[in-house]
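I sat down with this model today and kept a running list of what I looked up. The entries follow in the order I made them.

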Amino acid sequence: MSKSFYLETFGCQMNVVDSERIVALLNDIDYRQVDQPEAADLILLNTCSVRDKAERKVFGHLGRFKPLKDRRPSLIIGVGGCVAQQEGERFLDKVPYLDLVFGTHNIHKLPAMVRQAEIGRGQIQETEFLDRETRLSLFPERSEGDSCTRFVTVMQGCDNFCSYCIVPHVRGREVSRPSGEIVREVRELAQMGVREITLIGQNVNSYGGKEADEIGFAELLRRVHDVEGVERIRFTTSHPKDLSDELIDCFGELPKLCSHLQLPVQAGSDRILKQMNRGYTRGQYLAKVDRLKQVCPDIRLTTDLIVGFPGETEEDFRQTLDVVRQVRYADAYTFLYSPRPGTAAAAFDNPVSQMEKQRWFDELLEVQTAIGRDIWAGDVGSTLEVLVEGESRQKGGQLFGRSVWGRIVNFDGDPALIGSLVEVRINRSLRNSQQGELVTAAAV
Ligand code: SF4
């Protein structure tokens, strides 16, 4: 008889992809996914330690599962992802009712770990980092799922060591998957009806840079662009220092490449960028943005911003605000700085007071929200190309899809349209989505 599992995913798209892999591996050993932890034989949390808040959430959620374990000792509870990698054995000490801890390089071992836990082998931990060759051999051959949009992992890890970031410490060094394998996967997905591909990696646009005889990211984009059946291409997450002129030109040359780019700036002051070890100056960043806008005038940029980095002054913060006003981001993920243990910045002096941080954060949010509202409201009355992804969860009879800029668009339509490109006239722009009406059901 098959068993059931409940899975919660925290954090970024890399974790979403890892969770897809976890689902596939568990399906292979006859575990079926359920929506409620109460109905599960196995509960897993795929965790993120990039932000302090996400990490605290993990411990909060685990506490919620303790009464279930008390009532049903055969229930298996496991934790994977970045917090698991970071904490390792300490996790098992901190949470004594935990059965499994698996790190970011050990997802492939999960079926064997679950089998051991089923026969009561005690607490099991697998958090070792693997060597490059083993990691390359373990890239999943095909992304899982049944949507017309898919993530395809092209690289993993990061060598940048931004001073505030835990990723290189918990995901390991950068490795790029062979381009031939990536293109083959994209081709297979296209044959299965997938229309939109998002190439992902912690530092996606440094793809190939550390591998002898491998192509660069711009050439990879061109090869993916050549695959018949693929209608849209996106990529994330990009590092500004690796945004080459050749890559910028792709936005003008490749019609399938969506005119949206997530380009994390983090701060607008050179002094703080240096402290963050970001590898670019404000001037270099703004020059790249100018070039992007020249090559692709309708491009929309989104970004990540950190406020309250150690030593940040009012003047530094004003420079961040100034960049936000100059670039006019369509959206921004804004964060209050919090030190991550194990990173260089955790040892920096001059912490910014909570009150100051919060004041800057509120002001930044106000400025950015107004800019974003303006940009998205500007779409009202225009007709946009939308890739229909599914039925809307919010309102019966509605479909949802995304414009080239990645914004969710909801509209009334026939579910037979799922998987096709349609034209939708935008009637309303809401906080995180848009409402529209179908203009033509014919594929664009
Ligand atoms: S580029 Fe910097 S912020 Fe991004 S994952 Fe690497 S170290 Fe972290």
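**R232.** I began with the contacts of R232 in this predicted model. Leaving aside neighbours within four places in sequence, R232 is in contact with R195, E196, I197, K256, C258, E385, V386, L387, R402, S403, V404 and L421. Where does R232 sit? I found R232 in strand β11, residues 232-236. Is R232 buried or exposed? R232 is buried, at a relative accessible area of 1%; the cut-off for buried is under 20%. I then followed the side chain of R232, which reaches the backbone oxygen of R402 at 2.9 Å. R402 is also one of the contacts I had listed above.

**End of β11.** Next I checked the peptide bonds. The bond from T236 to T237 is cis, with omega near 0°. I noted this because most peptide bonds are trans. T237 itself lies in the loop between β11 and α10 (245-253).

**Nonpolar cores.** Which residues touch the most other members of the largest nonpolar core? I got L199, L221 and F235, out of 83 residues in that core. Helix α14, residues 354-377, gives the most to this core, with 7 residues. Apart from this core lies another one, of 22 residues. I wrote down V58, I77, F91 and L92 as being among them.

I went back to L221 for its contacts. Not counting residues up to four places away in sequence, L221 touches L199, I233, F235, L247, C250, L254 and L257. L199 and F235 thus appear here too, as contacts of L221.

**Helix α5.** I moved on to α5, residues 110-118. Which of its residues are buried? They are L110, P111, M113, V114 and A117. They cover an arc of only 160° around the axis, so they lie on the same side of α5. What do these buried residues pack against? I listed α1 (13-28), β2 (31-33), β3 (42-47), β4 (76-80), β5 (100-102) and β6 (124-126). Just after α5, G120 takes a positive phi of about 70°.

**V114.** I picked V114 from α5 for a closer look. V114 is buried, with a relative accessible area of 0%. Leaving aside neighbours within four places in sequence, V114 is in contact with L26, I29, Y31, L42, I76 and L100. I also took a distance from V114 to C165. The two are 51 residues apart in sequence and 31 Å apart in space, C-alpha to C-alpha.

**Ligand shell.** C165 led me to the ligand, since C165 is one of the residues that surround it. Which others are there? I wrote down C158, N160, F161, C162, Y164, V167, P168, H239 and R278. The shell divides into 7 nonpolar, 2 polar and 1 charged residue.

**S19.** I looked at α1 next, where S19 is found. Is S19 buried or exposed? At 6% relative accessibility, S19 counts as buried. S19 touches L7, T9 and N46, not counting residues up to four places away in sequence.

**Positive phi outside glycine.** Most residues other than glycine have a negative phi. I therefore looked for exceptions to that trend. D213 has a positive phi of about 65° and is not a glycine. I placed D213 in the loop between β10 (196-200) and α9 (217-225). At 82% relative accessibility, D213 counts as exposed.

Q266 is another entry here, with a positive phi of about 70°, although Q266 is not a glycine. Q266 lies in the loop between β12 (260-262) and α11 (270-275). Is Q266 buried or exposed? Q266 is buried, with a relative accessible area of 4%. So one loop residue, D213, is exposed, whereas Q266 is buried.

**R187.** My last entry is R187, in helix α8, residues 179-191. At 43% relative accessibility, R187 counts as partly exposed. I took the distance from R187 to V23 as well. They are 164 residues apart in sequence and 23 Å apart in space, C-alpha to C-alpha.

Notes
Residues are numbered from 1 along each chain as its sequence is written. This is a predicted model: local features need pLDDT of at least 70, side-chain atom pairs count only at pLDDT 80 or more; totals for chains, interfaces and linings use all residues. Side-chain values use heavy atoms; hydrogens and water are left out. Buried means under 20% relative accessible area, exposed over 50%, partly exposed in between (1.4 Å probe, protein chains only). Helices (H or I, at least four residues) and strands (E, at least two) are DSSP runs, numbered from the N terminus. The arc is that of the directions from the helix axis to the C-beta atoms. Contact means heavy atoms within 4.5 Å. A residue is near a molecule or strand if one of its heavy atoms lies within 4 Å of it. Ala, Val, Leu, Ile, Met, Phe, Trp, Tyr, Cys and Pro count as nonpolar, Asp, Glu, Lys and Arg as charged, and the others, Gly among them, as polar. A polar contact is a pair of N or O atoms within 3.5 Å; within protein, one must be able to donate a hydrogen and the other to accept it, and residues adjacent in sequence count only if both atoms are side-chain atoms. A nonpolar core is a set of buried Ala, Val, Leu, Ile, Met, Phe, Trp, Tyr and Cys residues joined through side-chain atoms within 4.5 Å.
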